[in-house]
Amino acid sequence: MRFHARSLEATPRVDSPSEELQEFLVKLGSALLSVGTAATDIQRTLTWVAIALGSPKTALIVFPTLIFVGMPDEKETRFEVAEPTGGEVRFDRASHIYAVVDQATAGTITAAQGIEAIDAIIAAKPRFGTTLRVLGHGLAAAGVGLVLLGADPLSMAYAFVLGVLVGIAKLVVRPGTYAAILLPVLTAFVLALLVFSAAGAHLIQEPLQVLVPPLVTLLPGAVLTTGIQELAAGDMVAGSSRLVSGIAQLLFLAFGIIAALTITGVPASVALFASQPALGAVQPWLGVLLFSLGVFLYYCGPRRSLYFLTLVLLVAYGGQVLGSFLAGNVFSGFFGALALTVVAYLVQSIPGAPPAVVCFLPAFWLLVPGATGLIGLTQSAAGTNLDAASLTALIGSLVAIALGVLTGTALFRQIFRIAPARWGLRLV
């Protein structure tokens, strides 16, 4: 078997209908990979697209960064290497890509029209400008600090400023470069250097309240959860690779923080101190609202998506709070993920609403113990919290959330009989 590679930017037009469909499936699959869709769901979607466009015998293999498409009438199997996203999933792009999926599964566009649409989506500029996006990143950092760490107003102000700096760095660095690969560890190192130095000068009382929130969008919460979800669905290759990637990213972040701690010489008991503040009745909910607005701006949410995004985040956090009351912190993510999944699928069934992926990714930063996992990992590496129970709790939380997503998906499809190719985008 021969393999023939095609790029998104410079793929020549072809005359054969089967070749056009093959090229469209490759482009669509690569685009879905680039917005963080699970490999298992991409394969299901491409299968339904192929059936809708008249090729039910198409052979598909999807990995987290690679997709193979074989057509029954073609001698060559095409493959595409997806560009690394580095966690930077633009919501406006994701929404347009899923709109193409919607049209393709409905059979209202041809493969040639789909190719042109994907090319236009990839080339389109972000909906919001750089200034608005970096301000949004600062707001998201302040909001997540309020939700997860109970940050005081001064710590939130610090987190906002550092969040703006991180947003600038993420937009300046080009994806796929060595700088992009090193960005998490370098960002964690520089921020930790600033925060720990301020803590040594007694300017900051709880450094982690300031340090962790700006790093939240670098945390691999969605990657870890998606990996476990893929493993549960039987996709061993995709699930294992995502888990390794997510764990490595957590280790890189922790390494940057420990390196800064070593250089500043601030005692670990001071630099890595994290209290468990008693949150007020309104405080965390305001944090969710602030986080939602920030994420909407930074990730260029499509029109009207702010309302739906906020609704899903509030439901996810509310489910987690309820789960914590019923089953404890470790298993609280199951209830949050279950509520998140059902509501996100319901929301995307509304005409004009964004796809579920737009609502899923931000919610994972509130559900997945990415921030608390980073804190625990860093504390353990520094010798301030050598407790094996914290690692067990982290793994248990990830599994609980993955099971919540799987249960919510199965429940929604069973009750509402959702077409598998659309994951709830259309009621049938």
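Start by selecting Arg 44, which is partly exposed at 24% relative accessibility. Keep in mind along the way that this is a predicted model. Now add Asp 41 to the selection: the two side chains meet in a salt bridge, 2.7 Å from N to O. Asp 41 is buried, because its relative accessibility of 14% falls under the 20% cut-off. Arg 44 and Asp 41 sit three residues apart in helix H2, so about one helical turn separates them. A general point helps here: an α-helix has 3.6 residues a turn, so residues three or four places apart point the same way.

**Along helix H2**

Widen the selection to residues 39-52, and you have helix H2 with its 14 residues. From first C-alpha to last, H2 reaches 20 Å, close to the 20 Å expected at 1.5 Å a residue. Which residues of H2 are buried? Colour Ala 39, Asp 41, Ile 42, Thr 45, Leu 46, Val 49 and Ala 50, as these are the buried ones. Then step past the end of the helix to Gly 54, which follows H2 and has a positive phi, near 95 degrees.

**A hairpin of two strands**

Next, select residues 59-63 for strand E2 and residues 66-70 for strand E3. The two strands pair in the antiparallel sense, with five bridges between them, and a hairpin of two residues takes the chain from E2 to E3. To follow one of these bridges, pick Ala 59 and look across to its partner in E3, Gly 70. Is E3 enclosed or open to the outside? Four of its five residues are buried, so E3 is largely enclosed by the rest of the structure.

**From helix H1 to helix H4**

Now go to Lys 27 and Asp 119, which form another salt bridge, with the closest N and O atoms 2.9 Å apart. Lys 27 belongs to helix H1 (residues 17-34) and Asp 119 to helix H4 (residues 111-123), so show both helices: this pair links distant parts of the chain, 92 residues apart. How do the two ends of the bridge differ in exposure? Lys 27 is buried at 1% relative accessibility, whereas Asp 119 is partly exposed at 24%.

While H4 is on display, select Glu 116, which has its place in that helix. Glu 116 is exposed, with a relative accessible area of 53%. If you put a distance label between the C-alpha atoms of Glu 116 and Phe 24, it should read 9.0 Å, although these residues are 92 apart along the chain.

**The remaining salt bridge**

The salt-bridge count comes to three. To see the one still unvisited, select Arg 90 and Asp 92, whose closest N and O atoms are 3.1 Å apart. Both Arg 90 and Asp 92 are buried.

**A patch on the surface**

Switch to a surface view and colour Val 161, Leu 165, Ile 168 and Val 172, which make a nonpolar patch of about 350 Å². Zoom in on Val 172, found in helix H6 (residues 153-172). Val 172 is exposed, at 60% relative accessible area.

**Aromatic rings**

For the last part, show the side chains of Phe, Tyr and Trp; a search of the whole structure finds eight aromatic pairs. Among them are Trp 285 and Tyr 317, with ring centres 5.1 Å apart and planes at 85 degrees, so this pair is edge-to-face. Trp 285 lies in helix H12 (residues 283-298) and Tyr 317 in helix H13 (residues 305-327), so the pair ties together parts that are 32 residues apart in sequence. Trp 285 is partly exposed at 31% relative accessibility, while Tyr 317 is buried at 9%.

Move on to Tyr 345 and Phe 360, where the ring centres are 5.8 Å apart and the planes stand at 65 degrees, so this pair is edge-to-face too. Here Tyr 345 lies in helix H14 (residues 329-348) and Phe 360 in helix H15 (residues 356-367), so the parts tied together are 15 residues apart in sequence. Tyr 345 is buried, with a relative accessible area of 6%, and Phe 360 is buried at 9% relative accessibility.

Finish by selecting Phe 91, Tyr 298 and Tyr 299, which form one aromatic cluster.

Conventions. Residues numbered from 1 in each chain as written. Predicted model: local features only at pLDDT ≥ 70, side-chain atom pairs only at ≥ 80, totals over all residues. Heavy atoms only, no water. Buried < 20%, exposed > 50% of the residue type's maximum accessible area, 1.4 Å probe, protein only. Pairing = 2+ DSSP bridges. Patch = residues over 30% accessible without salt bridge, like charges linked within 9 Å, V, L, I, M, F, W, Y side chains within 5 Å. Areas by Shrake-Rupley, 256 points an atom, 1.4 Å probe, with all protein chains shown as cover. Salt bridge = Lys/Arg side-chain N within 4 Å of Asp/Glu carboxyl O. Expected span 1.5 Å × (residues − 1). Phe/Tyr/Trp six-rings, centres within 6.5 Å; stacked < 30°, edge-to-face > 60°.
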